[in-house]
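I sat down with this one to look up a few things and jot them down as I went. My list was the sheet, a couple of polar side chains, the nonpolar core and the aromatic pairs.

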Amino acid sequence: MKILLAEDDEALAKFVRHGLENEHYAVDIVADGEQARAAGVEGEYDVVILDLNLPKLDGVNVLRHLRLKKPSLPVLVLTQRSRVEDRVQCLDTGADDYLGKPFSFSELSARLRALVRRSHLPSESVLAIGDLKLDRVAHRVERAGRRIELTTKEFALLEYLMRNAGRKVTRSMIIEHVWNLTFDTTTNVVDVYINYLRRKVDDGHAVKLIHTARGVGYELSGPAGAESSPQLSEVQG
């Protein structure tokens with residue numbers, strides 16, 4: 001699950017990102033309204049957390065633009081503005097939820113889960129390939145009915161592979177999406193984490209799901225000739 005956080009308070013942004021990453025979300029931070037508008041339209045995000053008091057472009061204008069370009073993208077407004085008029089304006093402009101500052105992180109997390117549940121079809125919330133299932137809302141992974149415990153980065157990596165099931169993804173694509181970094185040819189972090197996933201997902205199973213695409217990167221797919229589940233096919237489409 002990938003979240004765009006538009007917040008110009010650097011300390012608060014780092015606090016929120018740290019908390020969300022501990023709950024297996026991938027988080028991109030932008031610090032002004034122009035960046036928020038561009039990233040929200042050009043990027044692939046599941047939720048936007050939007051401050052209203054952003055430099056360069058006010059959050060309400062960002063929200064209005066996102067609603068024109070991506071009407072179904074969930075937006076949670078997180079702001080110090082507490083007047084009823086501000087809440088009404090944001091909700092009428094298209095915000096899905098509104099949370100005032102100061103706030104409890106546990107409440108923010110609960111509101112995000114509720115937003116995701118309301119905005120995603122079941123087929124988009126649960127990814128499945130073969131006997132492997134990943135619940136993007138509950139942050140739960142199972143194979144053959146057995147729970148698999150993953151770290152935050154392992155979960156994000158597996159989610160990315162499953163969203164691209166049947167496709168070959170390069171190391172640079174993985175590191176840019178999962179780590180939000182530019183690929184460094186000297187690093188082997190992707191290969192290290194792929195090995196972690198293989199031990200947790202494939203070890204002990206006759207059918208291996210994570211494959212090396214030599215000269216390219218990696219691919220997650222089921223048994224040869226088997227079709228992806230309806231859930232995964234709909235997500236990819």
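My entries follow, topic by topic.

**Before starting.** I'm working from a predicted model, so I keep that in mind throughout.

**The sheet.** I began with strand order. I found an open sheet of 5 strands, ordered E2-E1-E3-E4-E5, with parallel pairing. Which strands stand at the edges? They are E2 (26-30) and E5 (97-100); each has a single partner strand, so one side of each is left without a neighbour in the sheet. From one strand to the next I get an average twist of 20 degrees.

I then looked at how E2 is held. Strand E1 (residues 2-6) runs parallel to E2 and is joined to it by 5 bridges. I noted one partnership there: Ile-3 is bridged to Val-27 in E2. Helix H2 (residues 33-42) packs on the sheet and touches both E1 and E2. The direction of H2 makes about 165 degrees with that of E1.

**Asp-28.** While on E2, I checked Asp-28, which lies in that strand. Buried or exposed? Asp-28 has a relative accessible area of 16%, under the 20% cut-off, so I put it down as buried. Its side chain makes a polar contact of 2.6 Å with the side chain of Tyr-45. Leaving aside neighbours within four places in sequence, Asp-28 is in contact with Lys-2, Ile-3, Leu-4, Leu-5, Tyr-45 and Asn-180.

**Lys-101.** Next I went to the loop between E5 and H5, where Lys-101 sits. I have Lys-101 as buried too, at 19% relative accessible area. What does its side chain pair with? I found Glu-7, with a polar contact of 2.7 Å between the two side chains. Not counting residues up to four places away in sequence, Lys-101 touches Glu-7, Leu-12, Asp-51, Leu-78, Thr-79 and Gln-80.

**The nonpolar core.** I looked up the largest nonpolar core and got 28 residues. Those with the most contacts inside it are Leu-132, Leu-158, Ile-174 and Leu-220. Which elements give two or more residues to it? I listed strands E6 (126-129), E7 (132-135) and E12 (217-220), plus helices H7 (152-163), H8 (171-178) and H9 (189-201). H7 brings the largest share, 7 residues.

I followed Leu-132 a bit further. Beyond its neighbours within four places in sequence, I see contacts that include Leu-158 and Leu-220. Also among them are Leu-127, Val-141, Ile-148, Met-162, Val-201 and Leu-209, along with the charged Glu-142 and Arg-143.

**Aromatic pairs.** I count 2 aromatic pairs. In one, the rings of Phe-15 and Phe-105 have centres 6.1 Å apart and planes at 75 degrees, so I logged the pair as edge-to-face. This pair links distant parts of the chain: Phe-15 is in helix H1 (residues 10-21) and Phe-105 in helix H5 (residues 105-119), 90 residues apart. I checked exposure as well: Phe-15 is partly exposed at 46% relative accessible area, whereas Phe-105 is buried at 18%.

Tyr-193 and Tyr-196 also form an edge-to-face pair, at 5.1 Å centre to centre with 70 degrees between the planes. Both of these tyrosines lie in helix H9, 3 residues apart, about one turn of the helix. I noted Tyr-196 as partly exposed, at 31% relative accessibility.

Conventions
Residues are numbered from 1 along each chain as its sequence is written. This is a predicted model: local features need pLDDT of at least 70, side-chain atom pairs count only at pLDDT 80 or more; totals for chains, interfaces and linings use all residues. Side-chain values use heavy atoms; hydrogens and water are left out. A nonpolar core is a set of buried Ala, Val, Leu, Ile, Met, Phe, Trp, Tyr and Cys residues joined through side-chain atoms within 4.5 Å. Buried means under 20% relative accessible area, exposed over 50%, partly exposed in between (1.4 Å probe, protein chains only). Helices (H or I, at least four residues) and strands (E, at least two) are DSSP runs, numbered from the N terminus. Contact means heavy atoms within 4.5 Å. Rings of Phe, Tyr and Trp (its six-membered ring) pair if their centres lie within 6.5 Å; planes under 30 degrees apart count as stacked, over 60 as edge-to-face and the rest as tilted. Two strands pair if DSSP finds at least two bridges between them. Axes are lines fitted to C-alpha atoms, for helices over the stretch in contact, and angles run from 0 to 180 degrees between N-to-C directions. A polar contact is a pair of N or O atoms within 3.5 Å; within protein, one must be able to donate a hydrogen and the other to accept it, and residues adjacent in sequence count only if both atoms are side-chain atoms.
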